[in-house]
Amino acid sequence: MSVDADTVRRIAHLARIAVADDEVEHLRGEINAILAFVEQLSEVNVEGVEPMTSVMPMTMKKRADAVTDGGNADAVLRNAPATQDHFFLVPKVVE
Amino acid sequence: MAELTSLTISDARDGLKKKSFSAAELADAHLAAMEKARALNAYVLETPERAHAMAKASDARIAAGKAGPLEGIPIAVKDMFCTEGVRSTAGSRILKNFIPAYESTVTANLWRDGAVMLGKTNNDEFAMGSSNETSHFGPVISPWRRKGANTPLVPGGSSGGSAAAVAANLALGATGTDTGGSIRQPAAFTGTVGMKPTYGRCSRWGIVAFASSLDQAGPFTRTVRDAAILLRAMSGHDPKDTTSVDRAVPNYEAAIGKSIKGMKIGIPKEYRLDGMPAEIETLWRRGADWLKAAGAEIIDVSLPHTKYALPAYYIVAPAEASSNLARYDGVRYGLRVAGRDITDMYQKTRAEGFGPEVRRRVMIGTYVLSAGYYDAYYLRAQKVRTLIKKDFEDCFNAGVHAMLTPATPSAAFGVGEKGQADPVEMYLNDVFTVTVNMAGLPGISVPAGLDGQGLPLGLQLIGRPFDEEMLFSLGEAIEQAAGRFIPQKWW
């Protein structure tokens, strides 16, 4: 399988990465080189093979559904690029 | 005091105990060496004030007879580990000013045991790379040079700064992370010991996530014994990481010097690649001979799905990375680039915040997880992963205690020499190490010789799950036979 320029733009949009028009062709080449490399997996017979979900078998650990942390608004916001009154600020999303 | 920086961790531990020198003197010697070695670009942040304060506290605890197992030992921390109040960037522009409000469990364990932080080391951006050339802070230059040449060489990656720091005596040990070979490959390139433990042995909490089902922390040191000492401190169960294993941490150091008589060592025939340099082949055979001379039994084994590990990795790792890196959105932390609406802001932030390799991998990951392609790529790769793991299980069930392989297909290469035209050329560096991550197993890279140009080469040992002790015993046997390799100081 290989991707065309429109697919590169679609992937970039899904990944929320801005791609300039003059970058598309180069990216297409690189992505196709990687896809050509992984293509060899199609030779493997995976009939009846379970996909791996956990590399070390273990039971999922659970804890009581209780508040164990919190009240750290200042620490949570410390690295935010834009804040106001303990809120993250984003560009307007609702007209 | 220059000689203080060439000590091993175990020597330094003894010296501190006997009060031959203080933790403050040991830290100062390293801070001075770091200042003189800035041409290597191994550290992205030196933390002398923190080091002084921690060393002073160590000296007080030593005086009070309350020394921890790593008391006063100066350590470098890969910049993938979040350190409270100390900038942690993952080598990315997007986290260039990120100051964590918390400490990773692995580093917290080191400080609990008395270690002293010297600074944060350079790495490929988000640990995506095999040469430390994708870092926002520029490449790390290896302390090694080819005989009679001064071409700058890469230290390997992604933990290139940690590897270079340990090789150049800028720390007694360092932390690394290994997703596809990022500890073992740079260890091999720099003549250091690098250990990736079993998945779940070290907590991933507070480590910047790349590919969560593959990422593991591990140590860089100058000897196998030191790796055992450091891993013991780093390991342990952590309720904050659900994949962390609730299993006692052995005293790994006790495995050093243990007889390897009768141990069955597998030589996987699929690791014999076409076009592999004769020097690597010779090194491998010599390694097997050393283990045999120490009493081990060498047997040929087969891991039939080996060649599919790297292509499967380049689906699984980018897929997980695309999910993990979705958090960098310019809202909660990190860089924000203004846009005309929120989507435009996300897209510009991520285009400017991520470097080319990270953008490429996030896009590949997005593609293989997207509707219509998930089964053909991601699901198939996860099935292949099951087969890769089964190959190892079949050998271990047949009585094999560990495998011996080369660590890398070549010695270190020059800065800018590889992967310019085709990213896959760079990916092939991890061909021998990536299988171990895919199967969740422990692996260690031990320096085993020099190539014709005077550059270090490493051998890799792969063990059964949670049998790091076996790797330390075998690794030390190789170290005893091979000796240690130290770069000529030019910086």
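These are my notebook entries on a predicted model with chains A and B.

**Helix H2 of chain A**

I started with helix H2 of chain A, which covers residues 21-38. I wanted to check its length against the rise of 1.5 Å a residue. Its 18 residues should span 26 Å, and the end C-alpha atoms are 26 Å apart, so the two agree.

Next I looked up which residues of H2(A) are buried. My list reads Leu27(A), Glu30(A), Ile31(A), Ile34(A), Leu35(A) and Val38(A). I jotted down a reminder here: an α-helix has 3.6 residues a turn, so residues three or four places apart point the same way.

What covers those buried residues of H2(A)? From chain A, I found helix H1 (5-14) among the covering parts. Chain B joins in too, with helix H9 (309-324), helix H11 (356-369) and helix H13 (423-427) included in the cover.

**Where the chains touch**

I then turned to the contacts between the chains: 36 residues of chain A are in contact with 53 residues of chain B. On the chain A side, the elements giving two or more residues are H1 and H2. H2(A) gives the most, with six residues. I also sorted that side of chain A by type and got 29 nonpolar, two polar and five charged residues.

**The largest nonpolar core**

This core holds 166 residues. Which of them touch the most other members? I noted Ile75(B), Val116(B), Ala165(B) and Ile315(B). The largest share of the core, ten residues, comes from H9(B).

I picked Ile315(B) for a second look, leaving aside its neighbours within four places in sequence. It is in contact with Val368(B), Tyr377(B), Tyr378(B) and Ala381(B), plus Val38(A) from the other chain. I'd already met Val38(A) as one of the buried residues of H2(A).

**Odd backbone spots in chain B**

The peptide bond from Gly157(B) to Ser158(B) caught my eye: it is cis, with omega near 10°. I located Ser158(B) in the loop between strand S3 (116-121) and helix H5 (160-167) of chain B.

Asn41(B) has a positive phi of about 60°, although it isn't a glycine. I found it in the loop between helix H2 (23-36) and strand S1 (43-46) of chain B.

Asn169(B) also has a positive phi of about 60° without being a glycine. Its place is in the loop between H5 and strand S4 (173-178) of chain B.

Are these two asparagines buried or exposed? Asn41(B) has 20 other C-beta atoms within 10 Å, so I wrote it down as buried. Asn169(B) has 23 within 10 Å, so that one is buried as well.

Conventions
Residues are numbered from 1 along each chain as its sequence is written. Chains are lettered from A and ligands numbered from 1 in the order in which they are written. This is a predicted model: local features need pLDDT of at least 70, side-chain atom pairs count only at pLDDT 80 or more; totals for chains, interfaces and linings use all residues. Helices (H or I, at least four residues) and strands (E, at least two) are DSSP runs, numbered from the N terminus. The expected span of a helix is 1.5 Å times one less than its number of residues. A residue is buried if 20 or more other C-beta atoms lie within 10 Å of its own, exposed if 12 or fewer, and partly exposed in between; C-beta atoms are placed from the backbone. Two residues are in contact if their C-beta atoms, placed from the backbone, lie within 7 Å. Ala, Val, Leu, Ile, Met, Phe, Trp, Tyr, Cys and Pro count as nonpolar, Asp, Glu, Lys and Arg as charged, and the others, Gly among them, as polar. A nonpolar core is a set of buried Ala, Val, Leu, Ile, Met, Phe, Trp, Tyr and Cys residues joined through C-beta atoms within 7 Å.
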